[in-house]
Amino acid sequence: MITASPFRVSRRRLSLASLLLFVASFLALTASGQFPVVERAEVRLLADQTAYPPGATARLAAVVEIEDGWHVNANLPTFDYLIPTELELEAPGGWPQPTALYPAGEMLTFAFEDEPLAVYEGEVRILAAVPVPASAAAGEYPLSGTFRYQACDDNSCLPPVTTAVQFDLAVGDGGETINAAIFGDGEGLPAGRGGPPGSLGLFLLFGVIGGLILNAMPCVLPILSLKVFGMVKSAGQGRAHVVSGSLATAAGILVSFWALAFAAIGARAAGAAVGWGVQFQQPAFVTFLAVVIVLFSLNLWGLFEITLPGSAMRAMDSRRQGLGGHFVSGLFATLMATPCSAPFLGTAIGFALAQPGLIIFTMFTAVGFGMALPYLLLAVFPGSARWLPKPGAWMDTLRKVMGFLLAAAAVWLLYVLAGQISAERLAFIELGLLALALFVWLRGREKGRIAATAAALVMAVGTIGLAATAATGPTRGTTAATETARYIQWQEFDRDRAESLAAAGTPVFVDVTADWCFTCKTNERLVLETPEVARLFEDAGVVAMKADWTNRDDTIAAFLNDHGRYSIPFYLLYRPNGEPHLFSELLTTGQIAEALQGIPRIAQAR
């Protein structure tokens, strides 16, 4: 959406006579020193209840009355240079951001345009969902915002108008239903930020595709190697083992996605920022994964074998991998997948996290189903397992090689920790992991087996606790805005400065990244930090800014939320005299070149 003036429409579409009339009007208005503000629409906010209990989702409706003979553009206009109709609501501090659902525009033809345009006429209802935090106390909370539109008749368009709106939302028990004629039977909750009605099915498809692609992401490969090993073992034990193992793995993936969904719903109800992969902002979680990965590696190298029935460590034992082993590998495959954002996944998760709890749960289920789909297909067609190699002595060698792959994953987790905690504390955590490995090795000896087991457990818990008590913050001595710079001079992200530069005519490219985001690092190395992109930025006079989300940062979270995104990587181009351009998760040089087309080189003080 581009917030350009209607002059672009006239330049491209109006007849010559209309264009001359338009220019004459413009010159007259300029001579008078201002544009008159003419309101052709009235807006009022209504709620569907008199009060809402904490943890509920309040539903509001902006009822817009448009004067007869006038229309406004739909929220999704036919052409990107038309000014969209937008409702922006600001929740009280600490509340999740409200989301809006716009009706589909009516396709009408006008004298100044041959093709039908998507517009609103008469009375229009824009629905909004406002999540109420579970911690909200009883009382009234002010909601403020703006309603922006451009009114046109069959011959001309007025300047855009921005009208202030306000509503006092009551929180408390005993709320009664009101305005039933406006809200109808309760249907019509927002189906996405600016999304059209009926888009839920499309986003569910995005979720399935994104989940399927997660299996090929580098984050999942260490765990996927374990699954290949386990499937080879299952194939040698018959079709029944292939089916049961595949279903158990799929169950582990789905259960973990359901746990993530409930965690997201609970966090949002409490007013906390939610997003895909944000648990990697917690050093304790990263250290927990490092401990588990180290234990996986030691197990694959044969340093310990635990045969206690039902224990989690037995589930990790790929040589005796039963249903519990397949289930646990599905759980950890999901945990390792969360720092990756695949194509379609960011769109699906961003859509879901702006919705009521039921839709969040449904969307996470779709993503989990997509990730589990290969295993479900293997369960339906177990005969395909015959394509796997036959079990043999080679498996012992492969088992040890996969141990090194998992050790590499542990090294990556330590790299993530290096950006979150002090170097001293990181050194103690590394020593803790080394001591854990030592006690596991000592446990294999005849004497002191029980003492070594207890010491290993104490060391694992102590190492995680050491990370949990650490204060997070940039610790590498350089920020993410400069440490990856090779061809581009990155600046630290400053939203106010980026918007002011764009308003002054300088394009600004924003990269939201994190050390734990594999996709971010891949895009940086293969696309952003290349001579080709550096040349494109230089030719267009682009200022490059990098926002580091390795650690929790509410300012960056709000920036993502304002653009309907809850995952990274996230790339945005502030363009002069236009709406920001959003890129896909998998960035290409061609996408950047296309977005920069038509932006003139303007010398600006950097």
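**Exercise 1. Classify Val 255 as buried, partly exposed or exposed, and place it in its surroundings.**

Solution. Val 255 has a relative accessible area of 35%. Buried requires under 20% and exposed requires over 50%, so Val 255 is partly exposed. This is a predicted model. In secondary structure, Val 255 belongs to helix H6 (residues 239–269). On the surface, Val 255 makes a nonpolar patch together with Trp 258 and Phe 262, with an area of about 290 Å².

**Exercise 2. Find which residues Phe 361 contacts, leaving aside its neighbours within four places in sequence.**

Solution. Start with the location: Phe 361 is part of helix H11 (residues 357–380). Its relative accessible area is 26%, so Phe 361 is partly exposed. With the neighbours within four places set aside, the contacts of Phe 361 are Trp 258, Ala 261, Phe 262 and Ile 265. For Ala 261, the C-alpha atom is separated from that of Phe 361 by 5.3 Å, although the two residues are 100 residues apart along the chain.

**Exercise 3. Determine how strand S2 is paired and whether its residues are buried or exposed.**

Solution. Take the pairing with strand S1 (residues 41–47) to begin with: seven bridges join S1 to S2, and the two run antiparallel. Within this pairing, Val 43 stands opposite Val 64 in S2. Next, S2 pairs with strand S8 (residues 123–131) over nine bridges, again in the antiparallel sense. Here Leu 60 has Ala 128 in S8 as its bridge partner. Finally, consider burial. Eight of the ten residues of S2 (residues 57–66) are buried, so the strand is largely enclosed by the rest of the structure.

**Exercise 4. Give the strand order of the open sheet of three strands and of the open sheet of four strands, and identify the edge strands.**

Solution. The sheet of three strands has the order S4-S9-S11 with antiparallel pairing. Strand S4 (86–90) and strand S11 (161–171) are its edges, each pairing on one side only. From one strand to the next, the twist averages 25 degrees. Strand S9 (residues 139–149) is joined to S11 by eleven bridges, and these two run antiparallel. One of the bridge pairs consists of Thr 146 and Ala 164, the latter in S11.

The sheet of four strands is also open, with the order S6-S7-S3-S10 and antiparallel pairing. Strand S6 (106–110) and strand S10 (151–152) stand at the edges with a single partner strand each, so one side of each has no neighbour in the sheet. Strand S3 (residues 71–73) pairs with S10 over two bridges in the antiparallel sense. In this pairing, His 71 stands opposite Cys 152 in S10.

**Exercise 5. Analyse the salt bridge of Arg 40 with Glu 67.**

Solution. The closest N and O atoms of Arg 40 and Glu 67 are 3.0 Å apart, and the cut-off for a salt bridge is 4 Å. The pair links distant parts of the chain, 27 residues apart: Arg 40 is in the loop between helix H2 (16–32) and S1, and Glu 67 is in the loop between S2 and S3. At 23% relative accessibility Arg 40 counts as partly exposed. Glu 67 is likewise partly exposed, at 34%.

**Exercise 6. Work out which parts of the chain the salt bridges of Lys 546 tie together.**

Solution. Lys 546 forms a salt bridge with Asp 511, with 2.8 Å between the closest N and O atoms. Because Lys 546 is in strand S14 (residues 543–548) and Asp 511 in strand S13 (residues 508–513), this pair ties together parts 35 residues apart in sequence. Both Lys 546 and Asp 511 are buried.

Lys 546 also forms a salt bridge with Glu 524, where the closest N and O atoms are 3.6 Å apart. Glu 524 lies in helix H17 and Lys 546 in strand S14, so the parts tied together here are 22 residues apart in sequence. Glu 524 is buried, as is Lys 546. These pairs belong to a network of salt bridges that links Asp 511, Asp 515, Lys 521, Glu 524 and Lys 546.

**Exercise 7. Locate Thr 530 and decide whether it is buried or exposed.**

Solution. Thr 530 sits in the loop between helix H17 (518–528) and helix H18 (531–540). Its relative accessibility is 9%, so Thr 530 counts as buried. Not counting residues up to four places away in sequence, Thr 530 touches Tyr 487 and Arg 525.

Note on methods:
Residues are numbered from 1 along each chain as its sequence is written. This is a predicted model: local features need pLDDT of at least 70, side-chain atom pairs count only at pLDDT 80 or more; totals for chains, interfaces and linings use all residues. Side-chain values use heavy atoms; hydrogens and water are left out. Patches are made of residues with over 30% relative accessible area and no salt bridge: like charges are joined within 9 Å, nonpolar side chains (Val, Leu, Ile, Met, Phe, Trp, Tyr) within 5 Å. Accessible areas come from the Shrake-Rupley method with a 1.4 Å probe; for residues, only the protein chains shown count as cover. A salt bridge is a side-chain nitrogen of Lys or Arg within 4 Å of a carboxyl oxygen of Asp or Glu. Buried means under 20% relative accessible area, exposed over 50%, partly exposed in between (1.4 Å probe, protein chains only). Contact means heavy atoms within 4.5 Å. Two strands pair if DSSP finds at least two bridges between them. Axes are lines fitted to C-alpha atoms, for helices over the stretch in contact, and angles run from 0 to 180 degrees between N-to-C directions.
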